[in-house]
Amino acid sequence: QVKLVESGGGLVQAGGSLTLSCAASGITVITYAMGWFRQAPGREREFVAAISRTSLSTSYADSVKGRFTISRDSARDTVFLQMNSLKAEDTAVYYCAAGPMLSTYAADFGSWGHGTQVTVSS
């Protein structure tokens, strides 16, 4: 069983940066594709970024390309989402997820964290 715990969310001004962390237990993160999704009030959960098992491939939503970077620290079984140039529209609860392969679809990820709130003030 995979357990994922997100951290690093908080309040930030527009244009600022935050780094989210997703600590994994029950797995070695290098053996799983990892993804980040987010959900804002009144909106459906949407894909943000994902990284392949080998970290050789990444995928980003168009809305965050050039601003967000997904990475992993295999030794610490931790996945990160570096968020730069944050916008008010980035305000959401951010969730990390683990799955068998890189995907942009939430249904392809079998394990989920409980989320961390990111609030960007404008």
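**Group meeting: a cavity, a disulfide and a nonpolar core**

Let me begin with internal space: the count comes to one cavity of 30 Å³ or more. What we are looking at is a predicted model, and I would ask you to keep that in mind throughout. The space in that largest cavity is about 40 Å³. As for what surrounds it, the lining is made up of Arg38, Gln39, Ala40, Arg43, Glu44, Glu46, Glu89, Thr91 and Ala92, and when these residues are sorted by class, five are charged, two are polar and two are nonpolar.

From the cavity I turn to the covalent cross-link. The model has one disulfide, and it is Cys22 that is joined to Cys96, with an S to S distance of 2.0 Å. The two cysteines sit in distant parts of the chain, 74 residues apart, with Cys22 in strand 3, which covers residues 18–25, and Cys96 in strand 9, which covers residues 92–99. Which hand does this disulfide of Cys22 and Cys96 have? The torsion about the S-S bond is about 60°, and the disulfide is therefore right-handed. As to exposure, Cys22 has a relative accessible area of 0% and is therefore buried, while Cys96, at 1% relative accessibility, counts as buried too.

Next comes the largest nonpolar core, which has 34 residues, and among these Trp36, Leu81, Met83 and Tyr94 touch the most other members. Which strands supply at least two residues each to this core? They are strand 3, strand 4 (33–39), strand 5 (46–51), strand 7 (68–73), strand 8 (78–83), strand 9 and strand 11 (116–121). To take one of those well-connected members, Leu81, and leaving aside its neighbours within four places in sequence, we find it in contact with Leu18, Thr19, Leu20, Trp36, Val48, Ala49, Phe68, Thr69, Ile70 and Tyr94.

I would also like to draw your attention to Glu6, in strand 1, which runs over residues 3–7. Is Glu6 buried or exposed? Its relative accessible area is 10%, and because buried means under 20%, Glu6 is buried. Not counting residues up to four places away in sequence, Glu6 touches both cysteines of the disulfide, Cys22 and Cys96, along with Ser21, Trp36, Tyr94, Tyr95, Gly113, His114, Gly115 and Thr116. As a reference for distance, Glu6 and Ala61 stand 55 residues apart in sequence, and their C-alpha atoms are 20 Å apart in space.

One of the residues touching Glu6 is Ser21, which is found in strand 3. Ser21 has a relative accessible area of 19%, so it is buried. With residues up to four places away in sequence again left out, Ser21 touches Val5, Glu6, Ser7, Trp36, Thr78, Val79 and Phe80.

I will finish with the backbone at two serines. Ser55 has a phi near 70°, a positive value in a residue other than glycine, and its place is in the loop between strand 5 and strand 6, the latter being residues 58–60. At 31% relative accessibility, Ser55 counts as partly exposed. Ser85 likewise has a positive phi, near 50°, and is also a residue other than glycine; it lies in the loop between strand 8 and strand 9. Its relative accessibility is 42%, so Ser85 counts as partly exposed.

Terms used:
Residues are numbered from 1 along each chain as its sequence is written. This is a predicted model: local features need pLDDT of at least 70, side-chain atom pairs count only at pLDDT 80 or more; totals for chains, interfaces and linings use all residues. Side-chain values use heavy atoms; hydrogens and water are left out. On a 1 Å grid over the protein atoms alone, a cavity is a set of points where a 1.4 Å probe fits but cannot get out, and a pocket is an open set with protein on both sides within 12 Å along at least five of seven lines; lining residues have an atom within 4 Å of a point. Grid points are joined across faces, edges and corners, and a volume is the space filled by probe spheres set on the points. Ala, Val, Leu, Ile, Met, Phe, Trp, Tyr, Cys and Pro count as nonpolar, Asp, Glu, Lys and Arg as charged, and the others, Gly among them, as polar. A disulfide is a pair of cysteine sulfur atoms within 2.5 Å. Helices (H or I, at least four residues) and strands (E, at least two) are DSSP runs, numbered from the N terminus. Buried means under 20% relative accessible area, exposed over 50%, partly exposed in between (1.4 Å probe, protein chains only). A nonpolar core is a set of buried Ala, Val, Leu, Ile, Met, Phe, Trp, Tyr and Cys residues joined through side-chain atoms within 4.5 Å. Contact means heavy atoms within 4.5 Å.
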